[in-house]
Amino acid sequence: MENTGAFSRLRDRLRDVHNLRMAAAVLNWDMEVCMPPKGAAARGGQLATLAALAHERFTHPETGTLIRQAQDNQDTLADDERAALREVDYDYRRAARIPENFVRRFAQTRSAAYHAWLDARKQSDFAVFQTHLQKLVTLARELADYLGYEDTPYNALLEDFERGMTTAQLRAVFDELAPRQRALIERIMNAPTQPDAAWLEQTWDADAQWAFTERVLRDMGYDFDAGRQDKSAHPFTTNFSIGDVRITTRLNERDLFSALFSSIHECGHALYEQGFPPEDEGTILAEAPSLGIHESQSRLWENIIGRSLPFWRHYMPVLREHFPGQLDNVDAEQVYAAANRVAPSLIRVEADECTYNLHIILRFELETALIEGNLAAADLPAAWNEKMAAWLGVAVPDDANGCLQDIHWSHGTFGYFPTYALGNLYAAQMFDAVTKAIPGIMSSVGRGEFTPLLAWLRENVHRVGRRKTTPEIVRDATGEEPAAAAFLKYLENKYAPLYGLAQVG
Ligand code: ZN
C-alpha cells in the first residue's frame with residue numbers, strides 16, 4: 001500500500017525533527033542548569049544549528065508531499081494516526097506560509113531588539129528600546145499577513161499560543177473579569193483584617209526548603225524516575241520524552257514560599273508532560289494543544305491546591321519538622337493567610353492571584369493596540385503607567401519596573417500574555433468540574449492524597465494531548481465554554497472569608 005507507506009515515511013521524518021528538537025532541549029536545559037559561563041558562545045551556535053536542521057527538515061517540500069499522499073488514503077489509517085496527520089498538516093501549513101527571508105529578517109531584528117531591551121532595562125530607559133519595538137510590531141503585522149486572519153491581525157498571532165481563541169472572545173471575557181477583580185481588590189484593601197506575616201521574617205534554611213519541595217512533589221505524583229528537580233535562575237519545566245520531564249526551582253533563604261510555590265507550579269506542568277499516553281511517545285499527539293491549557297495545570301496545583309487551607313492543615317506538621325523551632329507559634333491558618341496576601345504591585349511575576357490577571361489584561365490591551373496600529377511604540381510607557389495607576393493604584397517609578405519588565409515583546413512575541421490569564425480561568429473551571437465529579441476532593445487534599453485529582457486531570461486533560469483543541473477540552477471536561485465566572489466565584493469564596501469581607505453574589 002503506497003499511501004500507508006507515505007504515512008510511515010512521514011512518521012520517520014517527523015521523528016527525526018522531534019529528536020533534533022529534544023536534543024536541543026537537553027542542551028538548553030544544560031545551559032540553564034549547569035553550563036559554565038565560558039560555554040555560552042559555543043552553546044548558542046550548537047542550539048542554532050539544531051534549530052535550523054529541525055526547521056529545514058520539517059518545512060522541506062518532501063514533508064508536504066508525504067502529508068498529501070497520506071491524506072489521499074486516510075481510510076487506511078487508525079483514528080490516532082488520522083488525528084496525528086491532521087495536527088501535522090496544521091503545523092506544516094502554518095510554517096509553510098512564512099517565507100524564508102522573513103524568518104531571517106525577523107530573527108535578526110529580534111536579536112538586536114533583545115540586546116537593546118537588556119540595555120534599556122538596565123538603564124531603565126525606554127527610548128533605547130523604542131525603535132526596536134516599533135520594528136518588531138511592523139514585522140509581527142507582516143507575519144500576521146502571511147498567516148492570514150479575520151477581523152484583526154492579532155488573531156493570527158494569538159493562534160500560535162492559544163489556538164481556537166479569538167481576540168473578540170478574549171475581549172468579552174476580560175471585560176467581565178477586569179472590573180470585578182478591581183472591585184474585589186478595592187474591598188480587600190479596605191478590609192478590617194489583614195494577614196499577619198511578621199513571622200515570615202526569618203531565615204529559612206535552603207536545604208530544608210529543598211527537602212520540603214521534594215516531599216510535596218513526590219506526594220503530588222511527580223515521578224522522580226521520569227524526571228528530576230534542579231536549581232536555575234528562572235524556574236522552568238522541560239521535557240525530552242514522556243520518561244524524562246525535568247523541573248527547576250530557585251531557593252531564597254529570606255522567602256519561605258518562593259521555592260515551594262515555584263516547585264509546585266512547575267510540577268503542575270511536569271505532571272501534564274509525564275501524563276501523556278506512553279504509546280504517543282515522540283509523536284505530535286504527546287503535546288499540549290496550547291499554552292493556556294498548560295498553564296491551567298500549573299496554576300491549579302500552585303494556587304487552588306497549594307494555596308488552600310486543607311493543603312496547609314496537612315503539611316503544617318511536615319513543615320515544622322523541616323524547620324524545627326521556627327514555627328512553634330504559627331498555625332496552618334496563619335500560613336494559609338500569609339500565602340494568600342493580596343498587595344497590588346508593579347511586577348507581574350510577583351503578583352498575587354487577585355491582581356495577576358489585571359497585569360495580563362493591561363498587556364493584552366496595549367499589545368492589541370500596538371498590533372492594530374492604535375498605539376505607537378513611543379506612547380507605550382505613558383499608556384502603561386496610566387493603566388497601572390488606574391487599575392492597581394500603583395505609581396510606576398521607572399520603565400524598568402514598568403513596560404520594560406517582561407522579555408516577551410523583545411522577542412517579538414505578541415499574543416502570548418493572554419495565555420497566563422486563560423490558565424487561571426481554565427484551572428478554576430476544571431476545579432469546579434472536579435468538585436462536582438468528586439465531592440470529597442478537598443478532604444483528600446487535607447489528607448495529602450492527590451491521586452483522585454491527578455486521575456481526573458489525566459483522564460480529562462493529560463491523556464488527550466493534541467487530539468482536541470483547548471476550547472474543546474474545556475468544553476468536554478467542564479460542560480462550559482472558556483469563561484470568567486468560575487474564577488470570579490473562586491476568588492470571592494476564598495478571599496471574602498480570608499479578609500473578613502461581606503460576601504457578594
Ligand atoms: Zn507556568
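**Figure 1. The zinc site and its three protein donors.** In this predicted model, the zinc ion picks up its protein donors from H265 (NE2), H269 (NE2) and E295 (OE), which sit 2.1 to 2.3 Å away from the metal. Read along the chain, the donor residues follow the spacing H-x3-H-x25-E. H269 and E295 bring distant parts of the chain together: H269 belongs to helix α10 (residues 258-274), E295 belongs to helix α11 (residues 291-305), and the two are 26 residues apart. H269 counts as buried because its relative accessibility is 11%. E295 is buried too, since its relative accessible area is 8%.

**Figure 2. The second largest pocket.** Here we zoom in on an open space of about 330 Å³, the second largest pocket of the model. Its lining is made of 17 residues, and I304, F431, Y490, N493 and K494 are the ones closest to the centre. Four helices each give two or more residues to that lining, namely α11, α12 (309-322), α16 (418-437) and α20 (485-498). Which element gives the most to the lining of this pocket? That's α20, with 5 residues. Sorted by class, the pocket lining comes out as 9 nonpolar, 4 polar and 4 charged residues.

**Figure 3. The largest cavity.** The structure holds 3 cavities of 30 Å³ or more, and this view shows the largest, with a volume of about 40 Å³. Around this cavity you'll find R299, N303, I304, E353, N424, A427, A428, F487 and Y490. The elements giving two or more residues to the cavity lining are α11, α16 and α20. By class, the lining of the largest cavity splits into 5 nonpolar, 2 polar and 2 charged residues. If you've just come from the pocket view, look again at I304 and Y490: they are among the residues closest to the centre of the second largest pocket, and they also line the largest cavity.

**Figure 4. Helix α6 and what packs over it.** Helix α6 takes in residues 127-147, 21 residues in total. From first C-alpha to last, α6 reaches 31 Å, close to the 30 Å expected at 1.5 Å a residue. Which residues of α6 are buried? They are F129, H132, L133, L136, V137, L139, A140, E142, L143, A144 and L147. A bit of helix geometry helps when reading that list: an α-helix has 3.6 residues a turn, so residues three or four places apart point the same way. The cover over the buried residues of α6 includes α4 (79-96), α5 (100-123), α7 (153-161), α14 (353-371) and α15 (380-392).

**Figure 5. L157, a contact point between α7 and α6.** This close-up picks out L157, a residue of helix α7. L157 counts as buried because its relative accessibility is 3%. Setting aside neighbours within four places in sequence, L157 is in contact with A140, L143, A144, I371 and F414. Among these partners, A140, L143 and A144 are buried residues of α6. L157 and L143 are 14 residues apart in sequence, and their C-alpha atoms are 8.0 Å apart in space.

**Figure 6. Positive phi angles on either side of α6.** Most residues other than glycine have a negative phi, and most peptide bonds are trans. S124 isn't a glycine, yet its phi is positive at about 50°. You'll find S124 in the loop between α5 and α6, and S124 counts as partly exposed because its relative accessibility is 23%. At the other end, α6 is followed by G148, with a positive phi near 85°. D151 is another non-glycine with a positive phi, about 70°, and D151 lies in the loop between α6 and α7. Is D151 buried or exposed? D151 is exposed, as its relative accessible area is 76%.

**Figure 7. H234 in a loop between two strands.** The last view goes to H234, located in the loop between β1 (229-231) and β2 (237-241). H234 is exposed, because its relative accessible area is 56%. Beyond its neighbours within four places in sequence, H234 is in contact with T248 and R250. For a sense of scale, H234 and A484 are 29 Å apart in space, C-alpha to C-alpha, and 250 residues apart in sequence.

Methods:
Residues numbered from 1 in each chain as written. Predicted model: local features only at pLDDT ≥ 70, side-chain atom pairs only at ≥ 80, totals over all residues. Heavy atoms only, no water. Donors = N, O, S within 2.8 Å, 3.2 Å for Na, K, Ca; no water. Buried < 20%, exposed > 50% of the residue type's maximum accessible area, 1.4 Å probe, protein only. 1 Å grid on protein atoms, 1.4 Å probe; cavity = no way out; pocket = protein on both sides within 12 Å on 5 of 7 lines; lining within 4 Å. Points joined across faces, edges and corners; volume = space filled by probe spheres on them. Nonpolar A, V, L, I, M, F, W, Y, C, P; charged D, E, K, R; others polar. Expected span 1.5 Å × (residues − 1). Contact = heavy atoms within 4.5 Å.
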